[in-house]
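Reader: Got a new model to go through. Can you walk me through the fold?
Author: Sure, here it is.

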Amino acid sequence: QVQLVESGGGLVQAGGSLRLSCAASGRTFTNYHMGWFRQAPGKEREFVTYITWSGSTTYYTDSVKGRFTIFRDNAKNTVYLQMNSLKPEDTAVYYCAARWRLRTGTYYDSDEYAYWGQGTQVTVSS
């Protein structure tokens with residue numbers, strides 16, 4: 001098993017920034033690609049961003065490109081989501097998730113991820 005714990009959420013004014021962290025334990029961190037998903041009130045869970053096991057490749061959903069950055073520190077078993085220029089539409093519960101690096105499915109499919117954190121609330125006020 002992989003245990004994932006998110007932190008860093010909170011309330012921020014529109015235009016501000018937050019950095020989310022996801023600390024992993026239980027298995028070798030570099031065996032997993034990592035993703036961030038979010039779920040806004042009344043909406044279904046949405047793919048946000050993804051990073052491969054080495055950090056060499058990233059992908060973003062269009063709505064966050066240029067504003068969000070995913071990165072990881074494998075020495076610390078942690079993946080981060082830097083969120084800049086936040087908008088009220090970014091308000092959601094944010095989840096990190098782990099995907100075994102040898103899986104061959106699509107990175108934006110939540111079914112590809114075996115392990116999930118409990119989520120952290122991000123609220124952006126206008």
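Author: One definition before the surface: accessible areas come from the Shrake-Rupley method with a 1.4 Å probe. This is a predicted model.
Reader: OK. How much area does the protein chain expose, and what share do carbon and sulfur atoms supply?
Author: About 6,400 Å² is exposed. Carbon and sulfur atoms supply 46% of that.
Reader: And what share of the residues is buried?
Author: 44% of the 126 residues in the protein chain.
Reader: Switching topic. How many helices and strands?
Author: Zero helices, eleven strands. From the N terminus on, the elements are β-β-β-β-β-β-β-β-β-β-β.
Reader: What is the strand order in the open sheet of four?
Author: The order is β1-β3-β8-β7, and the pairing is antiparallel.
Reader: Which strands stand at the edges?
Author: β1 (3-7) and β7 (68-73). Each has a single partner strand, so one side of each is left without a neighbour in the sheet. The twist averages 15 degrees from one strand to the next.
Reader: How many bridges link β3 and β8?
Author: Six, in the antiparallel sense, between β3 (residues 18-25) and β8 (residues 78-83). One of the bridge partners: R19 has Q82 in β8.
Reader: Now overall shape. What is the radius of gyration?
Author: 14 Å. That agrees with a compact globule, because 126 residues would give a value near 14 Å. The C-alpha trace spans about 40 × 25 × 25 Å along its principal axes.
Reader: And contacts: what share comes from residues 24 or more positions apart?
Author: 58% of the contacts with a separation of 6 or more.

Definitions and conventions:
Residues numbered from 1 in each chain as written. Predicted model: local features only at pLDDT ≥ 70, side-chain atom pairs only at ≥ 80, totals over all residues. Heavy atoms only, no water. Pairing = 2+ DSSP bridges. Helix = DSSP H or I, 4+ residues; strand = E, 2+ residues; numbered from the N terminus. Axes fitted to C-alpha atoms, helices over the stretch in contact; angles between N-to-C directions. Rg over C-alpha atoms; globule rule 2.2 N^0.38 Å. Buried < 20%, exposed > 50% of the residue type's maximum accessible area, 1.4 Å probe, protein only. Contact = heavy atoms within 4.5 Å.
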